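Good morning, everyone, and thank you for making room for me today. I would like to walk slowly through one structure, so please have the picture open while I talk.

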Amino acid sequence: MGKLGVLQALTGHDGRVWSASWHPDGAALASCGEDKTIRIWTRSSNEWVAQTVLAEGHSRTIRDVAWSFCGQYLASASFDTTVAIWDKKSGEFECNATLEGHDNEVKSVTWSRNGNLLATCSRDKSVWVWEIHNYLDQEDEYECVAVLNAHTQDVKKVCWHPHRDMLASASYDNSIRLYKQDAIDNEWGPCGLLDSHTSTAWSISFDGTGKRLASCSEDTTVKIWQEFDPDNEHDIACPDGVPVWKCVCTLSGAHSHSVYDVDWCKKTGLLATACRDNMIRIFKEVRPDSGVSPLREPTFELVATGYTHTQDVNKVSWNPAAAGMLLSAGDDGTIVIWQYEDDD
Amino acid sequence: MTELENINPNVYKKCEDRKVTKDDENEDVVDPFDEREIFDLIRNINDPEHPLTLEELHVLEQSLITVDNEKNTIKILFTPTIPHCSMATLIGLSIRVKLLRALPPRFKVSVEINPGTHASEQAVNKQLSDKERVAAALENTHLMEVINQCISSPLK
C-alpha cells in the first residue's frame with residue numbers, strides 16, 4: 001500500500017472543472033471548465049495561485065486544455081466548436097490562433113511529442129490532425145492535414161504516442177482507434193482497433209515505453225492493452241504484418257461508477273483514475289509470479305485511494321517533473337494537488 | 001408541434017397530496033429524501049406534446065423511483081407512452097434538469113427507461129447518462145426553452 005495526501009485544494013473556477021494540464025516543467029498548470037475561463041496556476045512560496053485568468057477565448061464550456069511539450073503554447077478545446085492556441089510571445093498570454101472546422105463540440109486536444117502536430121476530436125465523430133508551421137517573425141500557421149472518420153459516434157479523447165507520430169482516440173462507440181501516416185503516400189489512416197469496452201471509452205493514456213495503453217470507460221473498468229510486433233514470441237498473429245494491440249488485463253470491480261479519466265505516469269509507472277464516485281485511485285503493477293509473462297498477463301493492485309472531491313472527478317494527471325505529484329479536477333469546482341508515496 | 005405522435009394517451013388519476021406528519025414539522029428530526037419526495041419534485045413535469053403531467057400519463061410512478069440516501073444515489077425509471085416515442089430523450093432530460101436544480105449536488109441521479117417499454121431503450125439510456133452530452137445540451141438555448149416549458153408547473 002501507499003500514502004496519498006492532499007497538498008492543496010485550488011478553488012476559483014465557477015462551476016464544474018472539466019480538465020487541467022501540467023506545464024512540462026511541472027511548475028505551472030492550466031485548468032478549464034464550464035465557466036468558459038482558463039486559469040494558469042503557479043507556485044509561489046509553496047502555495048498554488050491562479051496567476052492568470054484567460055476569459056475571452058471561448059463562448060461556451062472549455063472541455064480540455066493541453067500544453068505543448070516545449071511549454072510555449074497552450075491549446076484549449078471548447079463546446080463552441082473551436083480550438084484556441086495561446087502563447088506568451090507578447091509577454092502576456094494571448095490567443096494567437098483559432099482552429100475552426102469541427103461541426104460540433106470539440107472534446108479533446110493533444111500535441112505530438114515533436115510539437116509539429118496537433119490533434120482534435122469532436123462530437124461530430126471525427127478526429128482532425130493539424131500540422132503546425134512556426135515562423136520566426138510571422139504568425140504560426142495551422143493546416144488541417146487529415147480528417148479521420150473511423151469512429152461511428154462522438155469522439156471523447158485524443159492522445160499522441162509518447163515517442164512516435166501515432167495517435168489514439170477513444171469514443172462513445174465504445175472503441176479505441178489508432179492512426180498513423182502511411183510511409184508511402186503520407187496519408188493519415190487508421191492502424192488499429194481496440195475493441196473490448198462495453199460502453200463509452202472516456203480516456204486513454206500510454207505508458208512510458210509506448211508499448212502499452214490504458215483505457216477507462218463508462219462500463220466501470222480500466223483495460224491495459226499491449227502492442228505485439230509481427231515477430232513476437234507469444235504466437236499473437238499479426239495478419240497484415242503490422243503490430244496488433246491486445247487487451248491483456250481488465251481492472252474490474254475497483255470502481256463503482258463510470259471512470260472518466262486515466263493517466264499512466266511516465267516516471268513511476270503508476271496508474272491514476274478519476275471516477276464518478278468522487279474518488280481517485282492509484283494502481284501499481286505487481287511483479288508477476290515466475291512462469292507468468294508480464295507482457296501477456298500483467299497484474300495491477302490498488303495501492304491508494306483519495307477522497308476529497310465532493311462530486312464526480314473528471315481529470316487526473318501526474319506531474320511530469322515531480323514524481324508522485326498528481327492533480328485531479330472535479331464537478332465540485334476544485335482542483336486538488338496530491339502527493340503519493342510508496343509505503344515500502 | 002406538427003402532428004401528435006400518440007393521439008389518445010391513457011390518462012390516470014393524480015395521487016393525493018403528501019400527508020404532513022408531526023415529525024416533518026419538527027426541525028430537530030432528520031428527514032432524509034424519500035421516494036415520495038423525489039416523486040413530488042417531478043410528477044408535475046408537463047408532457048412535451050399533451051397538456052398533461054408525466055404523472056397523469058403514467059410516465060412517472062412513485063414505485064419506479066429508488067432513493068439510497070447513504071450512497072447518495074437516486075434512480076428513476078420512466079415509461080414512454082408508446083414504444084417509438086421520439087420525445088423519450090427530451091422527457092428524460094427534463095427529469096434530469098428538474099432534479100439537478102432541486103437536489104443537493106451530492107446526489108448521483110440516473111434516469112433510465114423502464115426496461116422493455118421503448119424500442120431504442122439502450123441508446124436513450126446511454127445518452128441520458130453521458131454527463132458531457134447532457135452538459136452540452138443544457139447550453140443549447142432552444143432546447144433549454146423547451147425543457148423549461150416542460151418543467152414549469154402547469155397553470156392551475
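Let me begin in chain A with strand S14(A), residues 155-160, which pairs with strand S15 of chain A, residues 167-171, in the antiparallel sense over five bridges. Before going on, I should say that this is a predicted model, in which local features need pLDDT of at least 70 and side-chain atom pairs count only at pLDDT 80 or more, while totals for chains, interfaces and linings use all residues. As for conventions, residues are numbered from 1 along each chain as its sequence is written, chains are lettered from A and ligands numbered from 1 in the order in which they are written, and side-chain values use heavy atoms, with hydrogens and water left out.

The words strand and helix refer here to DSSP runs, numbered from the N terminus, with at least four residues for a helix (H or I) and at least two for a strand (E). Two strands are said to pair if DSSP finds at least two bridges between them.

Back to our first pair: S14(A) and S15(A) form a hairpin with six residues between them, and within this pairing A:Trp160 stands opposite A:Leu167 of S15(A). Is S14(A) buried or exposed? Six of its six residues are buried, so S14(A) is largely enclosed by the rest of the structure. Buried means under 20% relative accessible area, exposed means over 50%, and partly exposed is in between, with a 1.4 Å probe and the protein chains only.

The loop between S14 and S15 of chain A leads us to a salt bridge, that is, a side-chain nitrogen of Lys or Arg within 4 Å of a carboxyl oxygen of Asp or Glu. The side chains of A:Arg164 and A:Glu227 meet in such a bridge, at 2.9 Å from N to O. This pair links distant parts of the chain, with A:Arg164 in that loop and A:Glu227 in strand S20 (residues 222-228) of chain A, 63 residues apart. Their surroundings can be put into numbers as well: A:Glu227 counts as buried at 4% relative accessibility, while A:Arg164 is partly exposed at 35%.

How many salt bridges does a search of the whole structure find over all chains? The search finds 28. Another of them joins A:Asp140 to A:Lys89, with the closest N and O atoms 2.8 Å apart. This pair, too, links distant parts of the chain, 51 residues apart, since A:Asp140 is in the loop between strands S12 (127-133) and S13 (141-148) of chain A and A:Lys89 is in the loop between strands S8 (83-87) and S9 (94-99) of chain A. A:Asp140 counts as buried at 13%, whereas A:Lys89 is exposed at 53%.

Which salt bridge takes us from chain A to chain B? The side chains of A:Asp312 and B:Lys131 meet at 3.2 Å, N to O. A:Asp312 lies in the loop between S25 and strand S26 (313-318) of chain A, and B:Lys131 lies in helix H5 (residues 131-138) of chain B, so the pair joins two chains. A:Asp312 is buried, with a relative accessible area of 6%, and B:Lys131 is buried, also with 6%. Salt bridges that share partners also join A:Arg63, A:Lys107, A:Asp154, A:Lys156, B:Asp130, B:Glu132 and B:Arg133 into one network.

Let me now return to strands in chain A. S23(A), residues 271-275, and S24(A), residues 280-286, run antiparallel and are joined by four bridges, with A:Phe283 as the bridge partner of A:Leu271. Their hairpin has four residues between the strands, and A:Asn278 there takes a positive phi near 75 degrees. On to the next neighbour: S24(A) is joined by seven bridges to strand S25 of chain A, residues 299-306, again antiparallel, and A:Lys284 has A:Glu301 as its bridge partner.

Finally, two further residues deserve a look for their backbone angles. A:Lys36, in the loop between strands S3 (28-33) and S4 (38-44) of chain A, has a positive phi of about 65 degrees although it is not a glycine. In chain B, B:His58 has a phi near 55 degrees, a positive value in a residue other than glycine, and its place is in the loop between helix H2 (35-42) and strand S1 (65-68) of chain B.
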